[in-house]
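Colleague: Please put the sequence and the model on screen. I would like to go through them with you, one question at a time.

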Amino acid sequence: MTRAAAPQREACAPGRAAFWLAPGYWRFCRARDHARSQAPAGALRDCLSTPPPAPAQPVARTRFLAVDIETTGLDPQRDAILSIGWVALDGTSIDLATAGHVLVRPQREVPEQSAVIHGITDHRAATGGTPGEALDALFRALDGRVLIAHHAALELGFLARACERHYGTRPPLAVVDTLRLAETSRRRAGRPIPARGLRLHVLRGQYNLPARRTHDALLDALGAAELFAALIAERDPTGELPLGRVLFRPRRLW
């Protein structure tokens, strides 16, 4: 007896549209579904097949993954990813048991000026895995979660370029940018923003968070997670702030 093929899972279910206030939701959904159709079977396609949470859903009931990436430079077109770190949050509760870190073996030497910053030398980088292995590990951790990053545009740029090379597509991702959240908070309160005042370690100090070594992917991911929790606690003591109020929306999608 022939059975009908199971319907393909919708990554952005139409029934969720009512929850999204921005008309750009449909552009996001179309781009996400297109990326899913182009991605090979595996971690990225599985991640894109999980519907993103509705923007009306409270932050307190949303699952997140704080991510940081260390690279050989600042240009996604020319530079390469050297390490990725992450840690998961349920609402603003950080789950240290989910922390992960991968080194990525580059195809060329690590620039000296880069190694001085993050401490990843050629010898250490040579012990890393392939970019594909690192991306697969990240997207397995990100499945069903919203990405958190500090200065998210940089992480998104490198992830988009790396995904294009490895998977053949650039996946649209739901993202919270702690730098933008902090900037918005200060502008609303009428507080000045000094030069370099939005750097991760500076903001952490303002919220009395413990000092950590910087430019380490895992520690910076944890640092972004802790800053996110502090920013949300300041902005929304009730725990009812909708996710859509904190999402970072790149102009090309939203």
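Modeller: Two strands count as paired if DSSP finds at least two bridges between them. Helices (H or I, at least four residues) and strands (E, at least two) are DSSP runs, numbered from the N terminus. The model is predicted: local features need pLDDT of at least 70, side-chain atom pairs count only at pLDDT 80 or more, and totals for chains, interfaces and linings use all residues. Residues are numbered from 1 along each chain as its sequence is written, and side-chain values use heavy atoms, with hydrogens and water left out.

Colleague: Which residue in strand 4 is the bridge partner of A66?

Modeller: Start with strand 1, residues 63-71. Three bridges join strand 1 to strand 4, and the two run parallel. In strand 4, the partner of A66 is I148.

Colleague: Which residues of strand 4 point the other way from V146 and I148?

Modeller: In a regular strand the side chains alternate between the two faces of the sheet. Strand 4 covers residues 146-149, and V146 and I148 point one way. All four residues are buried, meaning under 20% relative accessible area (exposed is over 50%, partly exposed lies in between; 1.4 Å probe, protein chains only). Pointing the other way are L147 and A149.

Colleague: Is the crossover from strand 4 to strand 5 right-handed or left-handed?

Modeller: Strand 4 and strand 5 (residues 175-177) run parallel, joined by three bridges. In strand 5, the bridge partner of L147 is V175. The chain goes from strand 4 through helix 6 (residues 152-167) to strand 5. With the strands pointing away from the viewer, a path from the first strand over the helix to the second that runs clockwise is right-handed, and this β-α-β crossover is right-handed.

Colleague: Which residue in strand 2 is the bridge partner of V67?

Modeller: Look at strand 2, residues 81-90, where nine of the 10 residues are buried. Strand 1 and strand 2 pair over nine bridges, in the antiparallel sense. In strand 2, V67 has as its partner W86.

Colleague: Which residue in the turn between strand 2 and strand 3 has a positive phi?

Modeller: Strand 2 and strand 3 (residues 93-103) run antiparallel, with seven bridges. A88 stands opposite D95 in strand 3. The two strands form a hairpin with two residues between them. The turn residue with a positive phi, about 70 degrees, is G91.

Colleague: How many salt bridges does the structure hold?

Modeller: Side chains of opposite charge can pair when their charged atoms come close. A salt bridge needs a side-chain nitrogen of Lys or Arg within 4 Å of a carboxyl oxygen of Asp or Glu. The number of salt bridges in the structure is 11.

Colleague: Is R36, the salt-bridge partner of D33, buried or exposed?

Modeller: D33 and R36 lie three residues apart in helix 1 (residues 24-38), about one turn of the helix. Their side chains meet in a salt bridge at 3.7 Å, N to O. D33 is partly exposed at 21%. R36 has 8% relative accessibility, so R36 is buried.

Colleague: What is the N to O distance between R180 and E183?

Modeller: Both residues lie in helix 7 (residues 178-189), three residues apart. R180 is partly exposed at 40%, whereas E183 is buried at 16%. Their side chains meet in a salt bridge, N to O, at 3.1 Å.

Colleague: Which residue is linked with E164 and R170 in a network of salt bridges?

Modeller: R170 forms a salt bridge with E164, with the closest N and O atoms 3.2 Å apart. R170 is partly exposed at 34%, and E164 is partly exposed at 33%. The residue linked with them in the network is R161.
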